[in-house]
Amino acid sequence: MKISDYLLLEHVVILAGTTKVNALNEIVAAADNFSDSIGAKELARAVWKREKMMSTGIGQGLGIPHVRLPGLSDAIMAVGISRNGIADYESLDNKPVHIIVLIAAPQGRHEIYIRLLAKVVNILKQDKIRKAIVEADNVAT
């Protein structure tokens, strides 16, 4: 499984927003064209429903909102990078979130959902990688 199979370059954004609301809305907007059957409004509703259950800020500067959507044909991802951090993200360690990885998977495809979550966490738990992402000059690097 390769992250590049699910994450397109145009779904990676440098975040302008400084709040959780703004940041998640920017990421949803970046992923707007990911599916013919699911629109940005439906994706946003699912993301906010998930956030109301429990914040997806897992610590170490990471937020990983993850949802399952009926009607989605394949998993997709979008990434938002905040150089200054999103202080109100409500992360488990109470520190600002700098990298937000949105994962949307088809309902009923539990294996792909779990494997993508595990792969993202495994990669981003490395300090060097997180630092390189946040300090990159642009999304292509």
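**Notebook: salt bridges, pockets and a surface patch**

I began with Arg 115, which is partly exposed at 41% relative accessibility. The model I am reading is a predicted one.

**Entry 1. The pair in helix α3**

I looked up the partner of Arg 115 and found a salt bridge with Glu 111, where the closest N and O atoms are 3.7 Å apart. Both residues belong to helix α3 and stand four residues apart, so about one helical turn separates them. I then checked Glu 111 and noted that this residue is exposed, with a relative accessible area of 57%. I also noted a network in which salt bridges with shared partners join Lys 20, Glu 51 and Glu 90.

**Entry 2. Salt bridges across the chain**

How many salt bridges does the structure hold? I recorded five.

I turned next to Lys 20 and Glu 90, whose salt bridge has its closest N and O atoms 3.6 Å apart. Lys 20 sits in helix α1 (residues 20-30) and Glu 90 in the loop between β5 and β6, so this pair ties together parts that are 70 residues apart in sequence. Is Lys 20 buried or exposed? I entered Lys 20 as buried, because its relative accessibility is 5% and the cut-off for buried is under 20%. Glu 90 I entered as exposed, because its relative accessibility is 57% and exposed means over 50%.

I also looked up Asp 74 and Arg 109, whose side chains meet in a salt bridge of 3.9 Å, N to O. This pair links distant parts of the chain, with Asp 74 in the loop between β4 and β5 and Arg 109 in the loop between β6 and α3, 35 residues apart. I found Asp 74 partly exposed at 34% relative accessibility, and Arg 109 partly exposed at 36%.

**Entry 3. The largest pocket**

I noted a volume of about 370 Å³ for the largest pocket. Its lining has 21 residues, and those closest to the centre are Leu 7, Val 12, Val 79, Ile 81 and Ile 133. Which elements each supply at least two residues of this lining? I listed β1 (7-14), β5 (76-86), β6 (97-106), α3 (110-124) and α4 (127-135). Sorted by class, the lining has 18 nonpolar, two polar and one charged residues.

**Entry 4. The second largest pocket**

I recorded about 200 Å³ of space in the second largest pocket. Its lining includes Arg 45, Lys 49, Arg 50, Met 53, His 66, Arg 68 and Tyr 113. Two or more residues of this lining come from each of α2 (40-53) and β4 (66-69), and α2 has the largest share, with five residues. By class I entered six nonpolar, one polar and four charged residues for this pocket.

I followed one lining residue further. Arg 50 has its place in helix α2 and counts as buried at 17% relative accessibility. I also looked up its separation from Ile 114: the two C-alpha atoms are 16 Å apart, with these positions 64 residues apart along the chain.

**Entry 5. A nonpolar patch**

What makes up the nonpolar surface patch of about 490 Å²? I found that Met 53, Met 54, Ile 58, Leu 92 and Val 121 form this patch. Met 53 also appears in the lining of the second largest pocket. Ile 58 belongs to strand β2 (residues 57-59), and I noted this residue as partly exposed, with a relative accessible area of 40%.

How values were computed. Residues are numbered from 1 along each chain as its sequence is written. This is a predicted model: local features need pLDDT of at least 70, side-chain atom pairs count only at pLDDT 80 or more; totals for chains, interfaces and linings use all residues. Side-chain values use heavy atoms; hydrogens and water are left out. On a 1 Å grid over the protein atoms alone, a cavity is a set of points where a 1.4 Å probe fits but cannot get out, and a pocket is an open set with protein on both sides within 12 Å along at least five of seven lines; lining residues have an atom within 4 Å of a point. Grid points are joined across faces, edges and corners, and a volume is the space filled by probe spheres set on the points. Ala, Val, Leu, Ile, Met, Phe, Trp, Tyr, Cys and Pro count as nonpolar, Asp, Glu, Lys and Arg as charged, and the others, Gly among them, as polar. Patches are made of residues with over 30% relative accessible area and no salt bridge: like charges are joined within 9 Å, nonpolar side chains (Val, Leu, Ile, Met, Phe, Trp, Tyr) within 5 Å. Accessible areas come from the Shrake-Rupley method with a 1.4 Å probe; for residues, only the protein chains shown count as cover. A salt bridge is a side-chain nitrogen of Lys or Arg within 4 Å of a carboxyl oxygen of Asp or Glu. Buried means under 20% relative accessible area, exposed over 50%, partly exposed in between (1.4 Å probe, protein chains only).
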